[in-house]
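Open the structure in your viewer and keep the selection panel at hand. Each stop below gives a selection and then what is there.

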Amino acid sequence: MEAAQRGDQSAFAGLVELHQRKAYAIARAIVFVHEDAEDAVQEAFLRAYQALGKFRPEEPFGAWLSRIVANAALDITRRKKIRKADELSEFLADRFSNPAESEELRRRLAGALGTLGDRPRSVIVLHDVEGYTHVEIAKLLAIPEGTARSDLHHARRQLRKMLVDLKEG
Amino acid sequence: MADNELEFTTEADPRVTSALRAHHAAPRDEAYWSELQAGVMSRIAASARTSWLQIAAGWARPGLAAAAAVLIAAAALFQANVGEPEQVTFASMTQTEPSQPEFIYTEHDAASQREETLRLVVSH
């Protein structure tokens with residue numbers, strides 16, 4: 001860490017290797033699309049490298065980096081707000097890669113995800129898929145903890161409502 | 001907070017969660033992560049180069065201004081040095097020199113004159 005702070009790029013490469021998977025998971029939860037997640041990770045590490053002078057060694061590097069990744073991913077999400085729900089649903093349906101999931105579930109889930117707002121979608125993925133707590137999600141997304149809880153509740157309810165027929169079938 | 005916890009208690013749907021997890025699974029191929037790391041480091045290196053270029057560009061304008069000032073000063077000095085002999089020459093042409101005596105009376109000349117006069121008298 002100290003070597004990286006002195007500008008040693010090979011030392012920073014070690015940090016990238018160590019943290020890139022977690023960074024990808026956070027970014028992917030927020031931007032939801034692989035290519036955008038990759039961009040967010042690269043942008044986040046670049047920002048982290050440029051801001052290493054501000055990093056306090058007493059703070060965990062992973063937590064500091066996670067916030068930078070979340071911010072980079074949120075920036076990408078804001079830039080891409082123009083994407084319509086239908087386009088997103090179609091896009092997501094094409095990108096499901098688990099052959100074990102039924103085609104119907106994939107199609108319906110993709111449609112449901114497309115109707116969720118960016119923030120509730122990020123919250124449900126961070127919580128249910130990545131295992132973050134409400135407190136951690138609140139810090140990552142810079143929202144109140146109560147908002148994170150509320151978003152999770154509404155996202156789960158909406159997905160369940162949209163997939164109820166499928167569940168019963 | 002207790003109210004929120006009581007209110008927002010919708011349980012996760014295992015099938016939905018499973019599908020979400022499948023969709024969000026990170027690439028497992030190690031080569032992918034090596035490439036991503038290389039991409040990150042390449043971007044950092046490019047950014048560092050850009051930073052140096054920006055620094056250089058930032059110095060370019062003041063540097064050019066300083067060089068121009070030095071050139072102007074050098075040209076002015078050169079002009080001053082070249083102009084000086086010309087002024088002297090011009091002055092030498094236009095100004096009259098301090099009048100020099102065309103004939104300076106000396107003891108030697110006086111003696112010669114006396115000898116000349118004596119020779120003239122003797123010859124007559």
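The tour goes from whole chains to helix pairs and then to single residues.

**Stop 1: the two chains**

Bear in mind that this is a predicted model. Colour by secondary structure and select chain A. Chain A has ten helices and zero strands. Read from start to end, its pattern is α-α-α-α-α-α-α-α-α-α. Chain A has 169 residues, and 51% of them count as buried. Look also at the contacts in chain A between residues at least 6 apart in sequence: 66% of these join residues at least 24 apart.

Now switch to chain B. Chain B has four helices and zero strands. Its elements run α-α-α-α from the N terminus. Of its 124 residues, 16% count as buried.

**Stop 2: α6 of chain A against α9 of chain A**

Select residues 103–115 of chain A for α6, and residues 145–162 of chain A for α9. Two packed helices are described by the angle between their axes and the distance between the axes. Here the angle is about 140° and the axes are 9 Å apart. An angle of 140° falls short of the cut-off of over 145 for roughly antiparallel. The pair α6(A) and α9(A) is therefore oblique. The crossing of α6(A) and α9(A) is right-handed.

Show side chains at the contact. From α6(A) come A:Arg108, A:Leu109, A:Gly111, A:Ala112, A:Leu113 and A:Thr115. They meet A:Gln158, A:Leu159 and A:Met162 of α9(A). By class, this contact has five nonpolar, three polar and one charged residues.

**Stop 3: α6 of chain A against chain B**

Keep α6(A) and add residues 14–24 of chain B, which form α2(B). How do the two axes cross, and within what distance do they come? They cross at roughly 85° and come within 11 Å. α6(A) and α2(B) are therefore roughly perpendicular.

Pick A:Leu105, A:Leu109 and A:Leu113 on the α6(A) side. An α-helix has 3.6 residues a turn, so residues three or four places apart point the same way. Opposite these leucines, α2(B) offers B:Arg15, B:Val16, B:Ala19 and B:Leu20. The contact of α6(A) with α2(B) has six nonpolar residues, no polar ones and one charged. A:Leu109 and A:Leu113 also take part in the contact with α9(A).

**Stop 4: α7 of chain A**

Select residues 118–129 of chain A, the helix α7. Its twelve residues reach 16 Å from first C-alpha to last, close to the 16 Å expected at 1.5 Å a residue. α7(A) is mostly covered, with nine of the twelve residues buried. Among them are A:Pro120, A:Val123, A:Ile124 and A:Val125. A:Arg121 and A:Asp128 are buried too. Past the helix comes A:Gly131, which has a positive phi near 80°.

Zoom in on A:Ser122 in α7(A). Is A:Ser122 buried or exposed? Its relative accessible area is 2%, so A:Ser122 is buried. Beyond residues up to four places away in sequence, A:Ser122 touches A:Ala29, A:Ile30 and A:Leu141.

**Stop 5: α7 against α8**

Add residues 134–141 of chain A, the helix α8. α7(A) and α8(A) pack at about 135°, with their axes 10 Å apart. That makes α7(A) oblique to α8(A). α7(A) passes α8(A) in a right-handed crossing.

On the α7(A) side, select A:Arg119, A:Ser122, A:Val123, A:Leu126 and A:His127. Facing them in α8(A) are A:His134, A:Ile137, A:Leu140 and A:Leu141. This contact divides into five nonpolar, three polar and one charged residues.

**Stop 6: the loop between α8 and α9**

Select A:Ala142, in the loop between α8 and α9 of chain A. Most residues other than glycine have a negative phi. A:Ala142 has a positive phi of about 55° although it is not a glycine. A:Ala142 is exposed, at a relative accessible area of 65%.

Then select A:Ile143, found in the loop between α8 and α9 as well. A:Ile143 is buried, with a relative accessible area of 15%. Leaving aside neighbours within four places in sequence, A:Ile143 contacts A:Arg119, A:Val123, A:Ile137, A:Ala138, A:Ala148 and A:Asp151. Finish with a distance label from A:Ile143 to A:Arg119: their C-alpha atoms are separated by 9.6 Å, and the two are 24 residues apart along the chain.

Terms used
Residues numbered from 1 in each chain as written. Chains lettered and ligands numbered in written order. Predicted model: local features only at pLDDT ≥ 70, side-chain atom pairs only at ≥ 80, totals over all residues. Heavy atoms only, no water. Axes fitted to C-alpha atoms, helices over the stretch in contact; angles between N-to-C directions. Helix = DSSP H or I, 4+ residues; strand = E, 2+ residues; numbered from the N terminus. Parallel < 35°, antiparallel > 145°, perpendicular 65-115°, else oblique. Left-handed = near helix turned anticlockwise from the far one by under 90°. Contact = heavy atoms within 4.5 Å. Nonpolar A, V, L, I, M, F, W, Y, C, P; charged D, E, K, R; others polar. Expected span 1.5 Å × (residues − 1). Buried < 20%, exposed > 50% of the residue type's maximum accessible area, 1.4 Å probe, protein only.
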